[in-house]
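Colleague: I would like a close look at a single part of this chain, with its surroundings described in one connected account. Please take one of the sheets and work outwards from there.

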Amino acid sequence: MANRNMQQAGMQSTNSPQPPKRGTDSPAAEQLPANKDSPAQPPQQPSPAAEQAEGAGEGSAEGPAEMTLDITSFRKPGEKTFTQRCRLFVGSLPVDIPEEEFTNMFAKYGKVNEVFINRDRGFGFVRLETRTLAEIAKAELDGTILNNRPIRIRFATHGAALTVRNLLPVVTNELLEQAFSQFGPVERAIVVTDDRGRPTGRGIVEFANKAAARKALERCTEGALLLTTTPCPAIVEPSEHFDDEEGLPEKLLQKTPKYHKEREQLPRFAQPGTFEFEYSSRWKALDEMEKQQREQVDRNIKEAKEKLEAELESAKHEHQLMLMRQDLMRRQEELRRLEELRNQELQRRKQIEMRCVFLSSQASH
């Protein structure tokens, strides 16, 4: 019986993926009965996980299995779907590409909400469900060869994004979205922080459409949108879009005559005493002057803000005192009116009493 169990254990070890050098020293071998009289343990049935592992082992022997991805795992809790941040620009498309073929290129990345193709200019747009899926599609499909030419995929510029400045440290993402939702549906509202998580006083608000963004920009420019108790208005400006991921590869730069002229020499350090060194020094001096002037402007603005904050605190106290004085005067006026009403009531009662006394004396006569 023990020998038969040993054979079964050996067969299981050969059929399932095991670490190297695993033989009779394995725990399975140590748990075998010591003699024939000991009750033998019945052979264990392989678990479903073990069967899946064996299937994966067999599949790896035949060839690599195709990886399947759960699309729902790429959606963050509470994340809004099909926003403009999930919109991709696809350039260098063949002029005769069918819309169905264009859509099928992105089918493996989930649902497609928007498809637009400009065949005359050879570009298109597509909108996926989440930003993560769009990033995966961009990474995998950028440079794909269609009709002997690589396509170019980039994130589309967000045309309904605004930059918000002058935010106090108590403003959060949720408060920012709440404040700007009055102008239209907000896809994303973010308070920009530094590397330590401290607010920088700036934020980004992305609307679902351009009409809402224009309305917010006009209203905030003409008026003063206050997000907190302190009368510190939010400064709203159109958001600039920068590509800080791909940059400018050499293959995308047009080779104009100026390009060839500027590329005649390789990168180098200017040698002292040369024409290059003289004008390089003048450029650096100009940059240093610009830096100092910007620093001076920043200091002036900082001092002006501190002065304004101090004046604001003083004005708040004065305003509160004025409100208290007005409230006190209002209360005093109410007391005076109550006192007059009381005196009038006493006077009326006194007249009634005197009339009653007079009538009683007349009745006695």
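Modeller: What follows starts from one sheet, moves to the helices and the core beside it, and then turns to the rest of the chain.

The model is a predicted one. The part chosen is an open sheet of four strands, in the order β8-β9-β7-β10, and the pairing is antiparallel. Its edge strands are β8 and β10; each has a single partner strand, so one side of each is left without a neighbour in the sheet. From one strand to the next, the twist averages 25 degrees.

The pairings can be taken across the sheet. β8 (186-193) and β9 (199-207) are joined in the antiparallel sense by six bridges. Within that pair, A189 stands opposite V205 of β9. β9 is also joined to β7, by four antiparallel bridges, and here L162 stands opposite V205. V205 is thus placed opposite A189 and opposite L162. On its other pairing, β7 meets β10 (residues 235-238), again antiparallel and over four bridges. The bridge partner of R165 in β10 is I235. β7 itself is mostly covered, with four of its five residues buried.

Two helices lie across this sheet. α6 (173-180) lies across β7, β8, β9 and β10, and runs at about 135 degrees to β8. α7 (210-222) lies across β7, β9 and β10, at about 140 degrees to β10.

Sheet strands and helices also meet in the largest nonpolar core, which has 22 residues. The residues with the most contacts inside this core are V164, L176, F180, F183, V205, F207 and L227. At least two core residues come from each of β7, α6, β8, β9 and α7. The largest contribution is that of α7, with four residues. In soluble globular proteins, nonpolar side chains tend to be buried together.

L227 and the residue before it deserve separate mention. Leaving out residues up to four places away in sequence, L227 touches L167, V171, L175, L176, A179 and A234. L226 is placed in the loop between α7 and β10. At 43% relative accessibility, L226 counts as partly exposed, because the range for that class lies between 20% and 50%. With residues up to four places away again left out, L226 touches P231, C232 and P233. The C-alpha atoms of L226 and A179 are 8.6 Å apart, while the two residues are 47 apart in sequence.

Apart from the largest core lies another, of 18 residues, including F102, L141, I153 and F155. A second region can be described in the same manner. Four strands form an open sheet in the order β2-β3-β1-β6, with antiparallel pairing. At its edges stand β2 (112-118) and β6 (152-155), each with a single partner strand, so one side of each has no neighbour in the sheet. The twist here averages 20 degrees from one strand to the next. β1 (residues 87-91) and β3 (residues 123-128) run antiparallel and are joined by five bridges, and the bridge partner of V90 in β3 is G124.

Helix α5 (residues 131-141) lies across β1, β3 and β6, and runs at about 155 degrees to β6. Its buried residues are R131, L133, A134, A137, K138 and L141. They cover an arc of only 160 degrees around the axis, which puts them on the same side of α5. An α-helix has 3.6 residues a turn, so residues three or four places apart point the same way. The buried residues of α5 pack against β1, β3 and β6. Just after α5, G143 takes a positive phi of about 90 degrees.

One residue touches both sheets. T83 is found in the loop between α3 (48-62) and β1, and is buried, with a relative accessible area of 8%. Leaving out residues up to four places away in sequence, T83 touches R127 and E187.

For the chain as a whole, there are nine helices and ten strands. Buried residues make up 20% of its 365 residues. Of the contacts between residues at least 6 apart in sequence, 64% join residues at least 24 apart. The accessible surface comes to about 27900 Å², and 53% of that belongs to carbon and sulfur atoms.

Key: Residues are numbered from 1 along each chain as its sequence is written. This is a predicted model: local features need pLDDT of at least 70, side-chain atom pairs count only at pLDDT 80 or more; totals for chains, interfaces and linings use all residues. Side-chain values use heavy atoms; hydrogens and water are left out. Two strands pair if DSSP finds at least two bridges between them. Axes are lines fitted to C-alpha atoms, for helices over the stretch in contact, and angles run from 0 to 180 degrees between N-to-C directions. Contact means heavy atoms within 4.5 Å. Buried means under 20% relative accessible area, exposed over 50%, partly exposed in between (1.4 Å probe, protein chains only). The arc is that of the directions from the helix axis to the C-beta atoms. A nonpolar core is a set of buried Ala, Val, Leu, Ile, Met, Phe, Trp, Tyr and Cys residues joined through side-chain atoms within 4.5 Å. Accessible areas come from the Shrake-Rupley method with a 1.4 Å probe; for residues, only the protein chains shown count as cover.
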